[in-house]
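Please open the structure in your viewer and keep the selection tool at hand. The tour below proceeds stop by stop, stating at each one what to select and what is found there.

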Amino acid sequence: MARLVLGRPVDAVAALLPRLFNLCRAAQTVALRAALGLPPDPDGQPIATEVARDHLMRFHVLWPRLLGQVPAPLPTD
């Protein structure tokens, strides 16, 4: 990890690391930016949006497949 971030600008590190560790990217971005002393939400996408998207994917796609059902289309809104 050190080789990936040493010598890079703080903003570049803040953009890179959440992509490497893809679990709850929004939460990791906010935590990393806070640790680096940067504003928490540069893209204007709150953590709640990511959590809602993850839940919709589970309800409409993943769980129906696990239950032997056809996945449902995701809501357009």
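**First stop: P40 and its contacts**

Select P40 together with V30 and R33: P40 touches both of them, when residues up to four places away in sequence are not counted. Please bear in mind throughout that this is a predicted model. P40 is found in the loop between α3 (25-35) and α4. Is P40 buried, partly exposed or exposed? With a relative accessible area of 47%, P40 is partly exposed. Next, add A27 to the selection. A27 and P40 are 13 residues apart along the chain, and their C-alpha atoms are separated by 9.6 Å.

**Second stop: the whole chain**

Now display the entire protein chain as a cartoon. How many helices and how many strands does the protein chain have? There are four helices and zero strands, and the order from the N terminus on is α-α-α-α. Of the 77 residues, 17% count as buried. The protein chain exposes about 5900 Å², of which carbon and sulfur atoms supply 63%. Among the contacts with a separation of 6 or more, 14% are accounted for by residues 24 or more positions apart.

**Third stop: helix α3**

Select A26, T29, L32 and R33, the buried residues of α3. Because these residues cover an arc of only 130° around the axis, they lie on the same side of α3. R33, one of the buried residues here, was met at the first stop as a residue that P40 touches. To see what covers the buried residues of α3, show α2 (10-20) and α4, which are included in that cover.

Then turn the view to the face of α3 that points away from its buried side. Which exposed residues does that face carry? The exposed residues there are A34 and A35. Continuing along the chain, select G37, which follows α3 and has a positive phi, near 75°.

**Fourth stop: the aromatic pair in α4**

Move to helix α4 (residues 47-66), where W63 is found, and select W63 with F59. A search of the whole structure finds one aromatic pair. It is formed by F59 and W63 and is edge-to-face, with 5.1 Å centre to centre and 75° between the planes. Both residues lie in helix α4, four residues apart, which is about one turn of the helix. An α-helix has 3.6 residues a turn, so residues three or four places apart point the same way.

How accessible are the two partners? F59 counts as partly exposed because its relative accessibility is 47%, and W63 counts as partly exposed at 42%.

**Fifth stop: a nonpolar surface patch**

Keep F59 and W63 selected, add L62, L66 and L67, and switch to a surface display. Together, F59, L62, W63, L66 and L67 make a nonpolar surface patch of about 590 Å². The two residues of the aromatic pair therefore also belong to this patch.

**Last stop: the salt bridge**

Finally, select R53 and D54 and show their side chains. How many salt bridges does a search of the whole structure find? The search finds one. In this salt bridge the side chains of D54 and R53 meet, at 3.2 Å from N to O. D54 is partly exposed, with a relative accessible area of 22%; since residues count as buried under 20%, D54 is not among the buried ones. R53 is partly exposed as well, with a relative accessible area of 45%.

Notes: Residues numbered from 1 in each chain as written. Predicted model: local features only at pLDDT ≥ 70, side-chain atom pairs only at ≥ 80, totals over all residues. Heavy atoms only, no water. Patch = residues over 30% accessible without salt bridge, like charges linked within 9 Å, V, L, I, M, F, W, Y side chains within 5 Å. Areas by Shrake-Rupley, 256 points an atom, 1.4 Å probe, with all protein chains shown as cover. Salt bridge = Lys/Arg side-chain N within 4 Å of Asp/Glu carboxyl O. Helix = DSSP H or I, 4+ residues; strand = E, 2+ residues; numbered from the N terminus. Buried < 20%, exposed > 50% of the residue type's maximum accessible area, 1.4 Å probe, protein only. Contact = heavy atoms within 4.5 Å. Phe/Tyr/Trp six-rings, centres within 6.5 Å; stacked < 30°, edge-to-face > 60°. Arc of directions from axis to C-beta.
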